Amino acid sequence: MTRQEHHTTADHGTEPGWVRHAIWWHLYPLGFVDAFPEPPSGPAQPEEHRLLRVIGWLDHAAGLGASGIALGPIFDSATHGYDTLDYLRIDPRLGTDDDFDQLVTAAHARGLRIKLDGVFNHVAREHPRVQAALAAGPGSEEMRWFRPRVTDDGHVELDTFEGHEQLIALNHDEPEVRAHVADVMRHWLDRGADAWRLDAAYRVPTDFWAAVLPEVRRTHPDVWFEAEVIHGDCAAFVEASTADTVTQYELWKAIWSSIENRNFFELDWALRRHSEMLQDFVPATFVGNHDVTRIASQISDQRHLPHAVALLAVLGGTPSIYAGDELGYRAVKEDRPGGDDAVRPAFAPDGPGRLDAGSAEVLRLHQRLVGLRRRHPWLREATSQAVAVRNEQYVITVGDGGQTLTLALNLSDAELGVPGGTVLDGDPRSRAGDGVVGPHGWAILEA
């Protein structure tokens with residue numbers, strides 16, 4: 001199936017026009033507003049209206065060049081947001097429904113769309129339906145929402161999400177579950193949301209999504225669905241699920257790894273796969289999110305951080321920037337309880353304030369490159385072609401069949417020769433206009 005067919009095939013619906021200009025600023029609300037882990041002052045309370053703190057950052061997001069705010073979980077949950085207790089209630093640690101309405105109004109007034117995080121693979125063990133099912137036992141009406149099994153000693157256990165005992169997997173074959181998820185999506189779309197991220201979508205049968213998503217589109221044709229898929233045949237998932245896109249984890253890994261390990265052959269291989277995906281759908285691209293080590297910590301040589309940002313800016317896809325990456329924040333994700341907390345920090349309540357020189361420089365870089373992206377919206381569906389590939393030097397053209405840009409990346413101590421053209425951006429030490437990119441430099445050129 002070609003990309004053009006994807007946009008017009010009835011089974012997939014028509015991708016809304018606004019998405020073709022979408023650049024997301026992504027944040028994890030519970031951490032962002034200092035509601036999780038528990039703040040020093042004690043548990044956050046609804047009357048604190050902490051969700052409203054996000055409004056203080058909307059001008060920053062707009063100034064960055066973003067066109068939308070991608071929110072992590074905001075619904076009532078037991079701890080970190082991915083253990084839902086009530087899909088139809090704002091987490092009391094964040095505030096109230098009215099706070100959500102105010103945030104949506106303020107975002108839309110700035111031309112910013114809102115994407116919500118739907119955790120529809122599993123719920124918290126403390127969820128009322130889970131507790132009712134455990135009390136009623138196998139074969140009961142209450143148990144139909146879940147997948148029970150009885151151990152040899154007669155104990156009833158429920159399927160979980162990847163072994164996490166506090167995350168109880170839903171029974172996605174159950175019609176009531178499908179209907180409830182569709183109702184939840186519609187409820188928040190009616191309140192002003194524009195898009196959904198489908199958390200752990202790879203763990204959910206594609207026929208579940210194929211039943212639910214078109215039903216939601218029937219009443220909300222401008223909605224857009226991004227499915228979290230971390231491996232496998234992404235094009236086949238999009239085809240079977242009817243989602244609009246999936247998260248491009250292969251490209252994320254190749255970007256930081258090829259730069260950090262000075263092995264652009266890895267990135268070149270990933271970009272061949274990426275270009276194949278672009279024939280079928282437009283992937284969701286990123287170099288940082290709430291689940292991974294920050295890009296400024298992944299890349300130890302800070303001279304090479306702009307190389308990653310430049311790749312995000314010019315490669316095909318629907319890009320997102322994880323809040324704080326545009327300010328040079330650093331943090332390492334650790335494989336332990338609480339190991340995500342460092343990459344999900346609290347932000348100042350009223351915006352970035354006065355920045356130090358390093359943060360200001362990284363912000364200006366992002367603003368320039370997001371601006372370049374917005375001036376070349378055709379880049380969203382562009383594919384890449386290698387011009388030169390060496391371990392520490394990489395030159396590609398990015399085009400859509402009619403327009404072309406050249407990106408040159410240099411990680412070495414030697415100069416890198418580049419084709420001629422107008423320099424749109426680059427390392428100030430480079431002399432791309434003279435046909436070279438200096439050591440550890442980069443450049444974007446237009447023929």
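How many bridges join β6 to strand β10? Keep that question in mind as you look at the model above, which is a predicted one. The answer is 3, and the two strands run antiparallel, with β10 covering residues 164–169. You can even pick out one pair of partners: Ala 124 has Leu 167 of β10 as its bridge partner.

These two strands belong to an open sheet of 3 strands. Reading across the sheet, the order is β6-β10-β9, and the pairing is antiparallel. The strands at the edges are β6, residues 122–124, and β9, residues 160–161, each of which pairs on one side only.

Now step back to view the whole protein. Altogether, 13 helices and 22 strands are found in it. Its radius of gyration is 22 Å, close to the 22 Å that the globule rule gives for 447 residues, so the protein is as compact as a globular protein of that length. Along the principal axes, its C-alpha atoms fill a box of roughly 75 × 50 × 45 Å. Of the 447 residues, 56% count as buried. The chain also meets itself across the sequence: among contacts with a separation of 6 or more, 69% are between residues 24 or more positions apart.

Next, let us look for hollow places. Rolling a probe the size of a water molecule over the atoms shows where empty space is left. In this structure there are 3 cavities of 30 Å³ or more.

The largest cavity has a volume of about 190 Å³. It is lined by 19 residues, and the closest to its centre are His 26, Lys 115, Arg 197, Glu 226 and Ser 320. Several strands supply at least two lining residues each: β1 (24–27), β2 (68–71), β5 (113–118), β14 (284–286) and β15 (318–322). The largest share, 3 residues, comes from β14. As for chemical character, the lining divides into 6 nonpolar, 9 polar and 4 charged residues.

What about the second largest cavity? Its volume is about 70 Å³. Among the residues that line this cavity are Ile 23, Val 309, Leu 312, Pro 319, His 366 and Arg 373. Two or more lining residues come from each of α12 (305–314), β15 and α13 (357–375). Helix α13 gives the most, with 4 residues. Here the lining divides into 8 nonpolar, 1 polar and 1 charged residue. Try finding β15 in the model: this strand contributes to the lining of the largest cavity and also to that of the second largest.

How values were computed. Residues are numbered from 1 along each chain as its sequence is written. This is a predicted model: local features need pLDDT of at least 70, side-chain atom pairs count only at pLDDT 80 or more; totals for chains, interfaces and linings use all residues. Side-chain values use heavy atoms; hydrogens and water are left out. Two strands pair if DSSP finds at least two bridges between them. On a 1 Å grid over the protein atoms alone, a cavity is a set of points where a 1.4 Å probe fits but cannot get out, and a pocket is an open set with protein on both sides within 12 Å along at least five of seven lines; lining residues have an atom within 4 Å of a point. Grid points are joined across faces, edges and corners, and a volume is the space filled by probe spheres set on the points. Ala, Val, Leu, Ile, Met, Phe, Trp, Tyr, Cys and Pro count as nonpolar, Asp, Glu, Lys and Arg as charged, and the others, Gly among them, as polar. The radius of gyration is taken over C-alpha atoms; the globule rule is 2.2 Å times the number of residues to the power 0.38. Buried means under 20% relative accessible area, exposed over 50%, partly exposed in between (1.4 Å probe, protein chains only). Contact means heavy atoms within 4.5 Å.
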